[in-house]
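The exercises below concern one protein chain. Work through each task with the sequence and the model at hand, then compare your steps with the solution.

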Amino acid sequence: RRHDPESAVFGDDDGALLRANRLARAQEYVPIAGPLILQSDHQTLDLTPFAAGVAIPATTLNQAPTHRCDGSAVVTVENSTSFSEFITAKPASTLAIYTGGFAGPAVVRMLSKIRAGYPELPFFHWGDLDVGGLRILAHLRKNLGEVGPLAMDGAVCDLYLKRSQPLNANEREGLMQLRAESLLIDCVELIDHLLKTDRKLEQEAVEASFCVKTLQLKQITTPDIRIND
């Protein structure tokens, strides 16, 4: 307002002033695929028919007080390419949500509503097998409770060893710190494997079809996840 000579034109509308100066944050869209219905007092938005996924504005997710999910599992996916591949291979009953790294507030609120309405519905996360991917898993667990790692273990690292990359010093230090993270107590074996082999594995190196098979096996046997508060 001090430096834009035309600021008075916008009156008290700071949002319009910021947009005019290209300083406003762009609308966030959350890619989703699977059996999810957003319900409010005035409308119902059924995302189930969009098998190839649909990007929903964060404001729409925040304004919907009820999230109905008739699926068999919820899977959050860290990276865009892997999400695109996963939704073409996943069962129709699986709800897939793209996080784009750390889940933002809109995604966390949406998942919290689903968890509250369907406490028995299993949640899984598929991400990078490195310090960043593990931190994202811990963040999800901090906000949502039990979230199982999907295709994130030492066996996967060995299977795709040729596609792995060396750790740098900062990554090794970060993994050492994560060994003491109570939210990742069940991932210590993976952390030790990464440190021992001195390798990391990007999520994109793992085929989505392999991830889907892993999900189906996990749904047959209940995952043993113990997370300290």
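**Exercise 1. Describe the surroundings of Ser-82.**

Solution. Step 1: list the contacts (heavy atoms within 4.5 Å). With its neighbours within four places in sequence left aside, Ser-82 touches Val-77, Trp-126, Gln-203 and Glu-204. The model is a predicted one, in which local features need pLDDT of at least 70 and side-chain atom pairs count only at pLDDT 80 or more, while totals for chains, interfaces and linings use all residues. Residues are numbered from 1 along each chain as its sequence is written, and side-chain values use heavy atoms, with hydrogens and water left out.

Step 2: place the residue. Ser-82 belongs to helix α3, residues 80-89; helices (H or I, at least four residues) and strands (E, at least two) are DSSP runs, numbered from the N terminus.

Step 3: check the accessibility. The relative accessible area of Ser-82 is 0%, so the residue is buried. Here buried means under 20% relative accessible area, exposed over 50%, and partly exposed in between (1.4 Å probe, protein chains only).

**Exercise 2. Give the strand order of the open sheet of six strands, and state which helices lie across β1, β6, β7 and β8.**

Solution. Step 1: read off the order. The six strands run β4-β1-β7-β6-β8-β9, and the pairing is mixed. Two strands pair if DSSP finds at least two bridges between them.

Step 2: find the edges. β4 (54-57) and β9 each pair on one side only, which makes them the edge strands.

Step 3: take one pair in detail. β6 (73-77) and β8 (123-126) are parallel, with four bridges. In β8, His-125 stands opposite Thr-76.

Step 4: add the helices. α3 lies across β1 (29-33), β6, β7 (94-98) and β8, at about 160° to β7. Helix α4 (residues 105-117) lies across β1, β6, β7 and β8 too, again at about 160° to β7. For these angles, axes are lines fitted to C-alpha atoms, for helices over the stretch in contact, and the angles run from 0 to 180 degrees between N-to-C directions.

**Exercise 3. Which residues of the largest nonpolar core touch the most other members, and which helix gives the most to this core?**

Solution. Step 1: define the set. A nonpolar core consists of buried Ala, Val, Leu, Ile, Met, Phe, Trp, Tyr and Cys residues joined through side-chain atoms within 4.5 Å.

Step 2: rank the members. The largest core has 63 residues, and those touching the most other members are Ile-32, Leu-36, Phe-86, Ile-97, Ile-114, Trp-126 and Leu-134.

Step 3: assign the core to helices. Helix α5 (residues 131-144) gives the most, with seven residues.

Step 4: set this in context. In soluble globular proteins, nonpolar side chains tend to be buried together.

**Exercise 4. How many salt bridges does the structure hold, and what does the pair Asp-186 and Arg-141 tie together?**

Solution. Step 1: count. There are seven salt bridges, each a side-chain nitrogen of Lys or Arg within 4 Å of a carboxyl oxygen of Asp or Glu.

Step 2: examine the pair. In the salt bridge of Asp-186 with Arg-141, the closest N and O atoms are 2.6 Å apart. Asp-186 is in the loop between α7 (169-178) and α8, and Arg-141 is in helix α5, so parts 45 residues apart in sequence are tied together. Arg-141 is buried at 2% relative accessibility, whereas Asp-186 is partly exposed at 30%.

Step 3: compare another of the bridges. Arg-1 and Asp-14 meet with an N to O distance of 2.7 Å. Arg-1 is in the segment before α1 (14-20) and Asp-14 in helix α1, 13 residues apart.

**Exercise 5. Why is there no bond between the sulfurs of Cys-211 and Cys-157?**

Solution. Step 1: search for disulfides (cysteine sulfur atoms within 2.5 Å). The whole structure has zero.

Step 2: check the distance. The closest cysteine sulfur to that of Cys-211 is in Cys-157, 14 Å away, which is too far for a bond.

Step 3: check the accessibility. Cys-211 is buried, at 0% relative accessibility.

**Exercise 6. Where does Ala-151 lie, and what is the sign of its phi?**

Solution. Step 1: locate the residue. Ala-151 sits in the loop between β9 (148-149) and α6 (154-159).

Step 2: read the angle. Its phi is positive, about 55°, although Ala-151 is not a glycine. Most residues other than glycine have a negative phi.
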